[in-house]
Amino acid sequence: MCTEGIIDRYVNFYTDFAFKKLFGTEMNKDLLISFLNALLHGREEIEDITYLNTEHIGTQEYDRRAVFDVYCKNNNGEMFVVEMQKGEQQFFKDRSIYYSSFAIREQAPKGVWNYELKGVYTIGILNFCFTDSRNKEYYHEVKLLDTRTKELFYDKLTFIYLEMPNFIKKEDELESMFDKWMYAIRHLGALEKRPDILREKIFQRLFDVAEIAKFDRKERYEYEDSLKAYRDWFSVMETAEIRGMERGMKKGMEKGMEEGMKQGIEEGKHRQLIDTARRMKELGMDDDLIAHATGLSSEEIANC
């Protein structure tokens, strides 16, 4: 059991406990519904969701499992896989594709079927950036398209990735509900009170549910454990990054010293050739002969 004190007012959204409490529980599903509606930018209105089993196996009992953070379907039967990813993973995109395959396959009924599918949305809330750091985009929506014509090929399979570190809007820059949800998610654990700009009732619900002082004893201990795990993970990742930088700097210094020594030797050899050419000129030797003997250019010999 964790014994660290908690001085924050609200939970850190990126902890497993907070994410599942806010977005993965029946009693708080209105928070997830509001978030999903904001994420879809009004293309459809989700009225209700049904939480589904988050643990899945393949077609055979011995196949690899998949455990989703949040898995649900809306009132139209469309499937949503919502994942919170704390840190970069080498094959994160592959994992997204793999997870979406379960939501597709599970739609197949027994008996006769015409292969008609409901839409599948795989959503990643990322506490890291997987794109070029010079690209400050934070919202990525990926669908199947024809690479030649750039026309949409299939509109029922959608991947949405939110790069949270790239969302840098300030309070006075928030315009849409989507902006407000992004701001609330990113800054929740660091806030002392609900910002005035988040005046909608759903955000009052969010901050009420996220307030640590309102947790019962069991929830508080669970959150402390989850927060400790997050801090330990963050420390490991930060240490690995520092070690990587140190190794890179060491290699760079070694390479720099090697190149510096090599350059110094070459410069010394060149100066020695200049001195040799000067002495040959003092002895009255022909410039062509000096160039042949030293390998210096006619200009370098003229300046000796």
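**Charged pairs, a covered helix and distant contacts**

Aspartate 172 sits in the loop that runs between strand S8 (152-163) and helix H4 (177-187); helices (H or I, at least four residues) and strands (E, at least two) are DSSP runs, numbered from the N terminus. The model here is a predicted one, in which local features need pLDDT of at least 70 and side-chain atom pairs count only at pLDDT 80 or more, while totals for chains, interfaces and linings use all residues. Residues are numbered from 1 along each chain as its sequence is written, and side-chain values use heavy atoms, with hydrogens and water left out.

With a relative accessible area of 69%, aspartate 172 is exposed. The cut-offs are simple: under 20% relative accessible area is buried, over 50% is exposed, and anything in between is partly exposed (1.4 Å probe, protein chains only). Aspartate 172 has company, too, as Glu171, Asp172, Glu173, Glu175 and Asp196 gather in a surface patch of negative charge. Such patches are made of residues with over 30% relative accessible area and no salt bridge, with like charges joined within 9 Å and nonpolar side chains (Val, Leu, Ile, Met, Phe, Trp, Tyr) within 5 Å. Asp and Glu count as negative and Lys and Arg as positive, while His and the chain ends are not counted. The place of each charge is taken as NZ of Lys, CZ of Arg, CG of Asp or CD of Glu.

As for the chain overall, it has 8 helices and 8 strands. Of its 304 residues, 38% are buried. The chain exposes about 19000 Å², and carbon and sulfur atoms supply 52% of that; these areas come from the Shrake-Rupley method with a 1.4 Å probe, and for residues only the protein chains shown count as cover. Taking contacts (heavy atoms within 4.5 Å) between residues at least 6 apart in sequence, 59% join residues at least 24 apart.

Helix H4 is mostly covered, with 8 of its 11 residues buried. The buried ones are Phe178, Asp179, Lys180, Trp181, Met182, Tyr183, Ala184 and Ile185. They pack against helix H1 (16-23), helix H2 (29-39), strand S6 (120-126), strand S7 (139-145), S8 and helix H5 (201-210).

One of those H4 residues, lysine 180, is buried at a relative accessible area of 7%. Its side chain meets that of glutamate 200 in a salt bridge (2.7 Å, N to O). Lysine 180 lies in helix H4 and glutamate 200 in the loop between H4 and H5, so the pair ties together parts that are 20 residues apart in sequence. Glutamate 200 counts as partly exposed, at 23% relative accessibility.

Searching the whole structure turns up 15 salt bridges, each being a side-chain nitrogen of Lys or Arg within 4 Å of a carboxyl oxygen of Asp or Glu. Another pairs glutamate 26 with lysine 29, with the closest N and O atoms 2.9 Å apart. Here glutamate 26 is partly exposed at 49% relative accessibility, whereas lysine 29 is buried at 17% relative accessible area. Aspartate 208 and lysine 214 also form a salt bridge, their closest N and O atoms being 3.4 Å apart. Aspartate 208 is partly exposed, at 29% relative accessibility. Both residues belong to a network of salt bridges that links Arg9, Asp208, Glu211 and Lys214.

Tyrosine 230 brings together some distant stretches of sequence. This residue is in helix H6 (residues 217-282) and is buried, with a relative accessible area of 11%. Leaving aside neighbours within four places in sequence, tyrosine 230 is in contact with Asn12, Tyr14, Thr15, Lys86 and Asn127. Asparagine 12 is 218 residues from tyrosine 230 in sequence, yet the two are 9.3 Å apart in space, C-alpha to C-alpha. Lysine 86, found in the loop between strand S5 (79-85) and helix H3 (92-105), is 144 residues from tyrosine 230 along the chain, with 8.4 Å separating their C-alpha atoms. With the same neighbours-within-four exclusion, lysine 86 is in contact with Tyr14, Asp16, Asn127, Phe128, Tyr230 and Trp233.

Two loop residues have a backbone quirk. Histidine 41, in the loop between H2 and strand S1 (49-51), has a phi near 55°, a positive value in a residue other than glycine. Tyrosine 115, in the loop between H3 and S6, likewise has a positive phi, near 75°. Histidine 41 is partly exposed at 46% relative accessible area, and tyrosine 115 is exposed at 66% relative accessibility.
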